[in-house]
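Please open the model in a viewer and keep the selection tool at hand. The tour below proposes one selection after another and states what is found at each stop.

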Amino acid sequence: MEGFHVKGSEALCLGLSLAASGLLYYLYKKNKTALDKLDIAPHLPIDSQLKDILKATPGACLKYAIVEGTVQPVGEPLMSHFQKETAGVLQKFTLSEHRLVWSNLTRTWIDNIRVLLQRENAVPFVLVGPDETPVRVLSPLQASGTHMEMIHEKFHQVSSGLVDIVGQYLSGEKPKGQLETEEMLKVGAALIGAGELVLAADGTLSLQPPSDGSEYFLSLVDFDSLQGELKSAAYWCQWLAVASALLGTAVLVWVCRRYYCHRKAQRQLEEERRIFERMSEEPRASVNLVEEQVENICVICYTEPRNCIIMDCGHVCCCYSCYQALVQRKCPICRQDISRVLPLHFV
């Protein structure tokens, strides 16, 4: 690939396409695997018969099962910081800063969010069935799915004076304010859990992250909605991965086309060089040397005789060595594009 270079923008597009395709394909496979697991997992009611089912199972363990029950704390629940009457078992408090940042690339202000504080709290809890049979939920903060709801959201807007506004334009940053949110898994909420169901030696039922690495789910939505979310995520990841791969393929085809054109031009130049070398080795008819030097001299180097015809304009103005040294393939006389050159023979 002598003389041919891949442009930085082309290499960047190829790299981004490859990375995006790989990431999106990984997310597609992850969602598809989780969806397949949910499809074949047993959906068990939480009742007195659940222990009997696990006792009859090898190892008193179901590697992947789905249960649904009502959330109840084991001990004292967590109380909301902002709604004193709201109790829960999981709590997440987030304080984030919102600002506008000037982008020199797009020449616009872009929203920027920075998390200043994030705190998660949890207390032990169980899922209770209709007959008050409890299933202990372990490691709930490791679970995927929507298992907390927003109970508080407040935006504290920044007030700026004239001096602050001038400083913001000079610095390229405009603070908008701070957003505080609180999410909780409330006591009494209906929750679906998908994971490894274990019966301990003391007779305690537990739901925990699967030991085989399968996705662990806790969700407030119903089972059909959970499946729909996974199907939608898998669908979009699949088609975005295909689109990214097609974009990368298009860039690769463009690079290959440029390389083909480059090699074609090189072969053409090599063929022209061989023709002119053969021409220079042929004996020339004797002519008046003074007249040749005056009338047939190269207009660029004023040393060698003119020995090539520039196409498509047809000018005969330079020697082949000077033609090869042209920075732009344009005729030195009329500045038209040069498509090819032909050797000039004197008789």
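Begin by selecting strand 10, residues 190-199, in this predicted model. Nine of its 10 residues are buried, so strand 10 is largely enclosed by the rest of the structure.

Which strands pair with strand 10? Keep strand 10 selected and add strand 2, residues 61-73; the two run antiparallel and are joined by eight bridges. Within this pairing, Ala65 has Gly195 of strand 10 as its bridge partner. Next add strand 12, residues 217-219, which pairs with strand 10 in the antiparallel sense over three bridges. Here Ile192 stands opposite Ser219 of strand 12. Then add strand 11, residues 205-208; four bridges join strand 11 to strand 10, again with the strands running antiparallel. In this pairing, Glu196 has Gln208 of strand 11 as its bridge partner.

Strand 10 and strand 11 form a hairpin with five residues between the strands. Select Gly203 in that hairpin: its phi is positive, near 90°.

**Three residues to inspect**

Now select Thr86, which is found in the loop between strand 3 (78-79) and strand 4. Is Thr86 buried or exposed? With a relative accessibility of 9%, Thr86 counts as buried. Setting aside residues up to four places away in sequence, Thr86 touches Leu78, Met79, Ser80, Ile151, Met184 and Lys186; display the side chains of these residues to view its surroundings.

Move on to strand 4, residues 87-103, and select His98 within it. His98 has a relative accessibility of 17% and counts as buried, the cut-off for that class being under 20%. Which residues does His98 touch, not counting those up to four places away in sequence? They are Asn112, Ile113, Phe155, Pro175, Lys176, Gly177 and Leu179. One of these contacts, Asn112, is 14 residues from His98 in sequence, and the two C-alpha atoms are 5.9 Å apart in space.

The third residue is Asn121, which lies in strand 5, residues 108-122. Asn121 is partly exposed, with a relative accessible area of 26%. When residues up to four places away in sequence are left out, Asn121 touches Leu78, Val89, Leu90 and Gln91. Select Leu141 as well: Asn121 and Leu141 are 20 residues apart in sequence, while their C-alpha atoms are 9.0 Å apart in space.

**Helices**

Select helix 1, residues 8-40. Helix 1 has 33 residues and reaches 48 Å from its first C-alpha to its last, close to the 48 Å expected at 1.5 Å a residue. Colour its buried residues next; among them are Glu10, Ser17, Ser21, Leu24 and Tyr28. Further along helix 1, Asn31, Ala34, Leu35 and Leu38 are buried too.

Then turn to helix 3, residues 162-171. Of its 10 residues, the number buried is one, so helix 3 lies largely in the open. Select Gly172 just after helix 3, where phi is positive at about 80°.

**Annotated regions**

Continue with residues 233-256, where an unreviewed UniProt entry places the feature "transmembrane region". In the model, this span is 100% helix and 0% strand, and its end C-alpha atoms are 34 Å apart.

The next selection is residues 298-335, which the UniProt annotation "domain: RING-type", from an unreviewed entry, covers. What are the helix and strand contents of this span? Residues 298-335 are 13% helix and 11% strand, and the end C-alpha atoms lie 16 Å apart.

**The whole chain**

Finally, select the protein chain in full and zoom out. The chain contains six helices and 14 strands. Its C-alpha trace spans about 120 × 65 × 30 Å along the principal axes. The radius of gyration is 38 Å, whereas a compact globule of 347 residues would have a value near 20 Å.

Colouring by accessibility completes the view: buried residues make up 36% of the 347 residues. The accessible surface of the chain comes to about 21000 Å², and carbon and sulfur atoms account for 57% of that surface. Among contacts with a separation of 6 or more, 66% are between residues 24 or more positions apart.

Note on methods:
Residues are numbered from 1 along each chain as its sequence is written. This is a predicted model: local features need pLDDT of at least 70, side-chain atom pairs count only at pLDDT 80 or more; totals for chains, interfaces and linings use all residues. Side-chain values use heavy atoms; hydrogens and water are left out. UniProt positions are given in the numbering used here, feature names are shortened, and annotations may be inferred rather than shown by experiment. Buried means under 20% relative accessible area, exposed over 50%, partly exposed in between (1.4 Å probe, protein chains only). The expected span of a helix is 1.5 Å times one less than its number of residues. The radius of gyration is taken over C-alpha atoms; the globule rule is 2.2 Å times the number of residues to the power 0.38. Contact means heavy atoms within 4.5 Å. Accessible areas come from the Shrake-Rupley method with a 1.4 Å probe; for residues, only the protein chains shown count as cover. Two strands pair if DSSP finds at least two bridges between them.
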